[in-house]
Amino acid sequence: MDIIIITGASKGIGQQLLSQFTETGATVYGLARTNPDQLHTMYEVDLMDCEKATAILGGIVSQHLEDASSFTLINNAGIVDPISLVGSLDTQKVEQAIKVNLTAPIQLMNVFIDSLKDFEGTKKIMNISSGAGRSAYEGWGIYCTTKAGLDQFSRVIALEQKMADYPTGIVSIAPGIIDTGMQETIRSSSEQQFPHLKRFEAYKREGQLSSASETAEKLVRFVNEVDFLEIDPIADIRQFD
């Protein structure tokens, strides 16, 4: 039995990942602030509450330790706000973004690795990163920083797991530019606070955005086909055939 746990699973890429992994026969659990389809495998939790989120994850792992052949954690939840130049950042939004984009994934990965340290089956972590973690964009100071932090933390885990008896594979992967609510948030910002606004408006207007469904399909194949212990921990789905 393959166990998949996905954060931010109620919309966008996360919703598509949950649906498509379920279609492959995996047992899939979602963590999200809402549960619009009233799924019994969806846990309603705000990742601002790290204690509750990690407790849910620990419970799922414990429930399946005896019958699972693999466990996969997908840290997909993320927020692009605050979109603002430094000097105009909202303190509360900064704290929220750091907690959702970086602190919560770190805590979840910590519990995942600890709970499964003696599990001999396959263990994978896929962090949904961004090109923004690898290039700087004015107005995206917090988003760029949190995604860069997620990449670097993934590198550290990859190194540490080489010493583990039963290692967990990890990849932090950029999914490309996708037509989701996050893009709507970007396009609703001001050019004053995000100088690249016109470029992102053009992506939508010219049909350059990938769909959440197409991207999820590639990510599902990536998880199922790639050996996370052998690949570089920093990846881009657009370079995966």
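**View 1. Pairing of strands β1 and β4 in the predicted model.** In this predicted model, D2 stands opposite S70 in β4. Strand β1 (residues 2-7) and strand β4 (residues 70-75) run parallel and are joined by 5 bridges. Strands of a sheet pair through backbone hydrogen bonds, in either a parallel or an antiparallel arrangement.

**View 2. Pairing of β1 with β2.** Strands β1 and β2 are paired in the parallel sense, again with a count of 5 bridges, and I6 has G30 in β2 as its bridge partner. Strand β2 (residues 27-32) is mostly covered, since 5 of its 6 residues are buried.

**View 3. The open sheet and its edges.** The sheet is open and consists of 7 strands in the order β3-β2-β1-β4-β5-β6-β7, with parallel pairing. At its edges stand β3 (42-44) and β7 (234-236), each of which has a single partner strand, so that one side of each is left without a neighbour in the sheet. On average, and with direction ignored, neighbouring strands of this sheet are turned by 20° against each other.

**View 4. Helix α7 packed on the sheet.** Helix α7 (residues 212-225) packs on the sheet, where it touches β4, β5 (122-128), β6 (169-174) and β7, and its direction makes about 150° with that of β5. The helix has 14 residues and reaches 20 Å from its first C-alpha to its last, which is close to the 20 Å expected at 1.5 Å a residue.

**View 5. The buried side of α7.** The buried residues of α7 are A212, T215, A216, L219, V220, F222 and V223. Around the axis they cover an arc of only 160°, and they therefore lie on the same side of α7. An α-helix has 3.6 residues a turn, so residues three or four places apart point the same way. The elements that cover the buried residues of α7 include α1 (12-23) as well as β4, β5, β6 and β7.

**View 6. The surroundings of Q161.** Q161 is placed in helix α4 (residues 141-161). With a relative accessible area of 10%, which is under the 20% limit for a buried residue, Q161 is buried. When residues up to four places away in sequence are not counted, Q161 touches I113, Y166, P167 and T168. For T168, there is also an approach to the backbone, as the side chain of Q161 reaches the backbone nitrogen of T168 at 2.8 Å.

How values were computed
Residues are numbered from 1 along each chain as its sequence is written. This is a predicted model: local features need pLDDT of at least 70, side-chain atom pairs count only at pLDDT 80 or more; totals for chains, interfaces and linings use all residues. Side-chain values use heavy atoms; hydrogens and water are left out. Helices (H or I, at least four residues) and strands (E, at least two) are DSSP runs, numbered from the N terminus. Buried means under 20% relative accessible area, exposed over 50%, partly exposed in between (1.4 Å probe, protein chains only). A polar contact is a pair of N or O atoms within 3.5 Å; within protein, one must be able to donate a hydrogen and the other to accept it, and residues adjacent in sequence count only if both atoms are side-chain atoms. Contact means heavy atoms within 4.5 Å. Two strands pair if DSSP finds at least two bridges between them. Axes are lines fitted to C-alpha atoms, for helices over the stretch in contact, and angles run from 0 to 180 degrees between N-to-C directions. The expected span of a helix is 1.5 Å times one less than its number of residues. The arc is that of the directions from the helix axis to the C-beta atoms.
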